[in-house]
Amino acid sequence: MLELRPNCELCDGDLPPDAANARICTYECTFCSDCVDGVLLDVCPNCGGGFQVRPIRPARAWRAGTGLVNHPASTVRARPEQSPEAIAELTARLKDVPPADR
Ligand SMILES: [Zn+2]
Ligand SMILES: [Zn+2]
């Protein structure tokens, strides 16, 4: 199941479960759209992959055992795993390579 992290790993902005601007990579690294579009340029600083819109988990259990009522969002705030220099270096190397070719 997808881990719904509560914040952007880069700017620390809040990303509640219903945030439309939450983006995730294949490892669930989570960032806001401003950071993905303006800083990371669709390069995850932790794995080099691209990003997708994080799906919104329904608040209620439309089917038994589902929804935020059964699987709430994480409350553990994420912190940057890489230095600003390391982020900039990988972004520069991969920003012009489509995610499917990385
Ligand atoms: Zn951000
Ligand atoms: Zn990643």
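**Exercise 1.** How are the donor residues of the zinc ion (ligand 2) spaced in sequence?

*Solution.* This is a predicted model, in which local features need pLDDT of at least 70, side-chain atom pairs count only at pLDDT 80 or more, and totals for chains, interfaces and linings use all residues. Residues are numbered from 1 along each chain as its sequence is written, ligands are numbered from 1 and chains lettered from A in the order in which they are written, and side-chain values use heavy atoms, without hydrogens and water.

Step 1. Donors are N, O and S atoms within 2.8 Å of the metal (3.2 Å for Na, K and Ca); water is not among the atoms, so sites may look incomplete.
Step 2. The SG atoms of Cys25, Cys44 and Cys47 are the protein donors, at 2.3 to 2.4 Å from the zinc ion (ligand 2).
Step 3. The spacing of these residues is C-x18-C-x2-C.

**Exercise 2.** Classify Cys25, Cys44 and Cys47 as buried, partly exposed or exposed.

*Solution.* Step 1. Buried means under 20% relative accessible area, exposed over 50%, and partly exposed in between (1.4 Å probe, protein chains only).
Step 2. Cys25 has 4% and is therefore buried; Cys44, with 0%, is also buried.
Step 3. Cys47 has 32%, so Cys47 is partly exposed.

**Exercise 3.** Describe the setting of Thr30.

*Solution.* Step 1. Thr30 belongs to strand S2, residues 30-32 (strands are DSSP runs of E, at least two residues, numbered from the N terminus).
Step 2. Its relative accessibility is 1%, so Thr30 is buried.
Step 3. A polar atom of the Thr30 side chain lies 2.7 Å from the backbone oxygen of Glu28.

Technical notes: Helix = DSSP H or I, 4+ residues; strand = E, 2+ residues; numbered from the N terminus. Polar contact = N/O pair within 3.5 Å; in protein donor to acceptor, adjacent residues only side chain to side chain.
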